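Work through the exercises below with the model open beside you, and try each task before reading its solution.

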Amino acid sequence: AADTAPTSTASPTAADTAPTSTASPTAADTAPTTSPTASPAANATAPPTMDYTLWPTASPVVANLPDAPLLESVVFSDNGFEVYATFDAETNRAGITAPSFSCLDLLVGPDLRHEDECFWVSDDSVRMLPTALEPGSVVNVKAHTLAAKCAPEHDADSCTSDYPTSPDSVTVYAYPPSNIIPPVVQAQYKGEVSECEESFTIDVSGSYNNGGRSFTAINWTYVGDASEGAPYTYLVEQARSETAHASSTLTASIAQLVAGNSYQFTVVIRNWLGGEDSTTVIVRIVPASDPVVEILGPTERVLAPSAAFELYARDELGCAATPGSDIVERSWTETTGNLQLDAVDSASQRPQTLPITAFMLTARETYVFEYRVTTSDAKTSNATVKVEVTEDVLIVDVLGCNQTVSLADGGAHVVDAQYSYDAELGPSIAGAAAGIASTFNVSFSGTPYCNAMESVFWASSQYIIEPSNALAGCRLEMEITAAKGARTAREHCSVNVANSTVPGVRAYRDTVGRVPTTSKVVIRGEIIGSTAG
């Protein structure tokens with residue numbers, strides 16, 4: 001009864017109350033403790049048993065996890081070569097660290113190809129070089145590849161394992177360029193062709209701004225009159241045939257044409273973005289008795305003001321020229337009146353060559369150069385080439401920036417933009433003389449004193465940092481702007497002010513800019529020692 005009764009209500013027995021050190025062992029005392037009949041007295045003296053079972057613990061929860069960035073836009077550049085994909089937040093770049101990678105490692109779409117190359121421009125922007133993508137094409141982010149950029153408060157393991165990744169259901173359509181750059185027709189042909197030759201060819205394969213792909217259309221048209229008879233019918237059919245094949249050349253047999261007559265064609269080219277350009281070509285069939293003249297290269301050219309080039313002409317007597325006759329006069333003229341060629345023409349020792357030096361031609365002007373020859377029997381022939389001069393940029397050239405300087409020796413430091421220049425006029429004309437206005441926008445940081453300083457706007461070609469101990473440790477961020485009319489250019493640089501004198505270096509040069517490869521240039525330099533030892 002004592003063994004089976006609850007210990008809280010059992011009556012004490014002699015065995016229970018006797019000291020354990022003198023109690024005589026009984027059968028109950030010597031039985032194993034695991035026996036269901038073990039004595040309560042024996043259990044009372046056993047050491048307590050602790051439960052050390054280890055239960056699984058939950059992983060720490062990372063708070064405030066950012067959502068996976070979403071693809072926000074896919075937009076073609078104006079020239080059609082590139083596409084920029086932009087996300088709505090900074091990304092982890094899908095773990096891609098290579099400078100370039102296949103776009104299919106990040107993006108998917110029916111018009112994306114394995115050979116399409118991609119580049120991370122920033123944490124939220126990718127530059128693409130597609131081969132088949134078009135405006136309206138569908139683009140998605142590859143599922144579970146992209147996550148948000150790791151936040152400073154989270155460790156790298158958490159960012160890798162806990163951040164949500166890109167869903168597979170967000171679709172973006174590629175947008176066309178906001179300002180399509182049209183193609184430019186470059187036609188190469190002989191304006192005058194001798195009837196002694198078998199054929200002539202008009203070639204527009206040098207045309208550009210095709211958007212990185214083949215031109216989608218090249219349309220040829222013969223501009224003539226049906227009253228011309230057989231030549232009209234022949235040239236209309238030639239133009240129709242070359243258009244059907246989107247051919248970049250048109251060839252016509254001179255045997256089908258009439259010597260002394262001129263034949264006019266138009267050609268229109270269209271790029272895959274929908275931009276188009278056209279030009280008109282006139283070819284005259286020169287009688288066999290007249291001299292033959294040709295200006296080598298394209299008959300229409302687009303050049304920058306800084307371009308230096310030469311026009312080369314070739315001339316010869318016709319295959320049926322008067323026996324004993326010869327070419328007695330060769331001359332170049334500029335027919336629009338925009339340029340006087342007297343000095344230019346005499347500068348060449350070869351009368352068939354016309355040298356044009358850099359900056360001789362004015363931006364946004366068009367010039368027509370004509371080469372004409374006359375024979376001893378008063379036969380004349382001529383050829384022309386048209387040159388269109390584009391506009392150019394302003395160049396911000398800054399000295400004394402992007403360096404550490406010291407004002408401890410009491411000297412001022414000058415950041416100088418006076419050598420900025422107009423690329424339409426060349427570096428030999430200083431900025432002020434070229435009509436360029438320079439401004440400095442300066443902000444301060446680095447020390448409590450400098451952080452409290454207000455930004456400075458300074459209208460000048462120079463910014464002078466006056467000596468001041470208060471500027472020690474300060475960083476000056478500068479945006480230098482050059483402006484002339486509607487054109488502007490900007491350059492960013494910085495100056496760090498040291499706490500003690502630092503060594504320096506200066507370079508001196510007479511002009512800033514380009515030099516001919518045939519000239520020797522000497523740049524003089526000076527090392528300025530440090531007073532800090």
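**A charged pair between strands**

Arg 314 is partly exposed, its relative accessible area being 47%, where buried stands for under 20%, exposed for over 50% and partly exposed for the range in between (1.4 Å probe, protein chains only). The model is a predicted one, in which local features need pLDDT of at least 70 and side-chain atom pairs count only at pLDDT 80 or more, while totals for chains, interfaces and linings use all residues. Residues are numbered from 1 along each chain as its sequence is written, and side-chain values use heavy atoms, with hydrogens and water left out.

Task: find which residue forms a salt bridge with Arg 314, and state where the two residues lie.

Solution. Begin with the criterion, which asks for a side-chain nitrogen of Lys or Arg within 4 Å of a carboxyl oxygen of Asp or Glu. The partner is Glu 294, and the closest N and O atoms of this pair are 2.5 Å apart. Glu 294 belongs to strand β15 (residues 292-295) and Arg 314 to strand β17 (residues 309-316), so the salt bridge ties together parts that are 20 residues apart in sequence; strands here are DSSP runs of E with at least two residues, and helices are runs of H or I with at least four, both numbered from the N terminus. Glu 294 counts as buried at 15% relative accessibility. Next, look at the strands themselves: β15 and β17 pair in the antiparallel sense over four bridges, pairing being assigned if DSSP finds at least two bridges between two strands. Within this arrangement Val 292 has Glu 316 of β17 as its bridge partner. Finally, both faces of β15 are covered, since Val 292 and Glu 294 on one side and Val 293 and Ile 295 on the other are all buried.

**A sheet and the links around it**

Task: give the strand order of the open sheet of eight strands, and then say where the disulfide of Cys 103 and Cys 118 and the salt bridge of Lys 149 and Asp 123 sit in the chain.

Solution. The order is β3-β5-β6-β2-β1-β8-β7-β4, with mixed pairing. Its edge strands, each pairing on one side only, are β3 (101-102) and β4 (107-108). Inside the order, β2 (residues 83-87) and β6 pair in the antiparallel sense over four bridges, and Ala 85 stands opposite Val 126 in β6.

For the disulfide (a pair of cysteine sulfur atoms within 2.5 Å), the sulfur atoms of Cys 103 and Cys 118 are 2.0 Å apart. Because Cys 103 lies in the loop between β3 and β4 and Cys 118 in strand β5, this link ties together parts that are 15 residues apart in sequence. Cys 103 is buried at 0% relative accessibility, and Cys 118 is buried with a relative accessible area of 0%.

For the salt bridge, the closest N and O atoms of Lys 149 and Asp 123 are 2.9 Å apart. Lys 149 is in the loop between β7 (138-141) and α4 (156-161), and Asp 123 in the loop between β5 (117-122) and β6 (125-129), 26 residues apart. Asp 123 is buried at 16%, whereas Lys 149 is partly exposed at 38%.

**Handedness of disulfides**

Task: decide whether the link of Cys 401 and Cys 493 is left-handed or right-handed.

Solution. The S to S distance is 2.1 Å. The torsion about the S-S bond is about 85°, so this disulfide is right-handed. By contrast, the link of Cys 196 and Cys 319, with -80°, is left-handed.
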